[in-house]
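Me: Please take a close look at the buried interior of this model, and follow it outward from there. I would like a connected account, with the cut-offs stated wherever a term depends on them.

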Amino acid sequence: MINIHRLPDPAAVGRAAADLVDAAVLDRGERVVGLATGSSPLETYAELVRRHGRDPHSPYRSVDAYLLDEYVGLPVGHPERYAAVIRREFTDAMGVAPHRVHGPDADAPDLDEASRAYDAAIERAGGVGMQLLGLGSDGHIAFNAPGTPFDAGTHVATLSESTRRDNARFFGGDVASVPRTALSQGIATILRARSIVVIATGARKADVVGRLLSSEPTEALPATALLRHPGTVLLIDDAAAAHLP
Ligand code: GLP
């Protein structure tokens, strides 16, 4: 079951998502949040920074943040490494110390070992209390492309050509600069989050939102795994809802 909330525009979606994150962190006392990169959560991050960024006593200063994924092969210091992106776009402004921002270790010599270690670290932290998610245009969540088994944990994921094309905008429009692989939380990892907020805005997401909400759970459309999660909310704007009845 997915709870769907339709709002007029991305700013309203951002405020609604920020309300849900606040409910988890401020009201329910969750101290582990799962963060997504990409454009979908940017309004949410901006709203949370407006609400709490300047508060030196904000409970957000003591949360641990776990990223969904990290590119393999980008050099240390590259601005598009997701660990750098999330600090720049959210956690630094929220006063979350860098040592509290965690991601899979895509520089590790043994990436399978690093994947297992990441799932274990999330478990040790008590599990993700609130996970923010975007949707890939092919239905991927994190970097779980169509066909990824629902029971996979964190793993080395191969980026499809369409995902690399979608993400080329972060690499000066040059598809060749987009890494071919990433370490990604698996669908099983994501489904262990106690609550999940999925954000989809804009006409670019209308097709995938329509397919998600008219499908049974199928590995051909990774986001449909969320239909089996007991606490998922989907926030969409009017443009992303264009293909819904
Ligand atoms: C990327 C990321 C996902 C993200 C998705 C959608 O490939 N790995 O975590 O949710 O694409 O991106 P956007 O929000 O920019 O549309």
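Reply: Among the 69 residues of the largest nonpolar core, the ones that touch the most other members are Leu-35, Tyr-71, Leu-133, Leu-135, Ile-141 and Leu-235; a nonpolar core here is a set of buried Ala, Val, Leu, Ile, Met, Phe, Trp, Tyr and Cys residues joined through side-chain atoms within 4.5 Å, and buried means under 20% relative accessible area, exposed over 50%, and partly exposed in between, with a 1.4 Å probe and protein chains only. Helix H1, residues 10-27, gives the most to this core, with 8 residues. Apart from it there is a second core of 5 residues, with Val-72, Ala-106, Ala-108 and Leu-183 among them. The model is a predicted one, in which local features need pLDDT of at least 70 and side-chain atom pairs count only at pLDDT 80 or more, while totals for chains, interfaces and linings use all residues. Residues are numbered from 1 along each chain as its sequence is written, and side-chain values use heavy atoms, with hydrogens and water left out.

Two of these core members in turn lead to the surrounding elements. Leaving aside residues up to four places away in sequence, Ile-141 is in contact (heavy atoms within 4.5 Å) with Leu-133, Gly-134, Leu-135, Ile-187, Ile-190, Pro-222, Ala-223 and Leu-226. Leu-35 appears among the contacts of Tyr-45, which, with the same sequence neighbours left out, touches Leu-35, Ala-36, Ile-86, Glu-89, Phe-90 and Leu-132. Tyr-45 belongs to helix H2, residues 42-52, and it counts as buried because its relative accessibility is 1%. Between the C-alpha atoms of Tyr-45 and Pro-104, which are 59 residues apart in sequence, the separation is 21 Å.

Strand S6, which spans residues 130-134, has 5 of its 5 residues buried (helices, H or I with at least four residues, and strands, E with at least two, are DSSP runs numbered from the N terminus). In a regular strand the side chains alternate between the two faces of the sheet. In S6 both faces are covered, with Met-130, Leu-132 and Gly-134 buried on one side and Gln-131 and Leu-133 buried on the other.

What order do the 7 strands of the open sheet follow? The order is S1-S10-S9-S6-S2-S3-S5, with parallel pairing, where two strands pair if DSSP finds at least two bridges between them. S1 (2-7) and S5 (101-102) each have a single partner strand and stand at the edges, so one side of each lacks a neighbour in the sheet. S6 is joined to strand S2, residues 32-35, by 2 bridges in the parallel sense, and there Met-130 is the bridge partner of Val-33. With strand S9, residues 195-200, S6 pairs in parallel over 5 bridges, and Gly-134 stands opposite Ile-199. Towards the S5 edge, strand S3, residues 64-67, pairs with S5 over 2 bridges, again in parallel, with Ala-65 opposite Val-101. Pro-98 lies in the loop between H3 and S5; its relative accessibility is 43%, and therefore it counts as partly exposed. The C-alpha atoms of Pro-98 and Ala-83 are 9.3 Å apart, although 15 residues separate them along the chain.

S6 also takes part in the open space of the model, since S6, strand S4 (69-71), helix H3 (82-94) and helix H5 (161-167) each supply at least two residues of the lining of the largest pocket. On a 1 Å grid over the protein atoms alone, a pocket is an open set of points with protein on both sides within 12 Å along at least five of seven lines, a cavity is a set where a 1.4 Å probe fits but cannot get out, and lining residues have an atom within 4 Å of a point. The largest pocket has a volume of about 440 Å³, a volume being the space filled by probe spheres set on the points, which are joined across faces, edges and corners. Its lining has 31 residues, of which Thr-37, Gly-38, Ser-39, His-140 and Asn-167 are the closest to its centre. H3 provides the largest share of this lining, with 4 residues.

As for enclosed space, the whole structure holds 4 cavities of 30 Å³ or more, and the largest of them encloses about 60 Å³. Its lining consists of Asp-119, Ile-122, Glu-123, Gly-127, Val-128, Gln-185, Thr-189, Arg-192 and Ala-193, to which helix H4, residues 111-124, gives the most, with 3 residues. The second largest cavity has about 50 Å³ of space, and its lining includes His-140, a residue also listed among the closest to the centre of the largest pocket.
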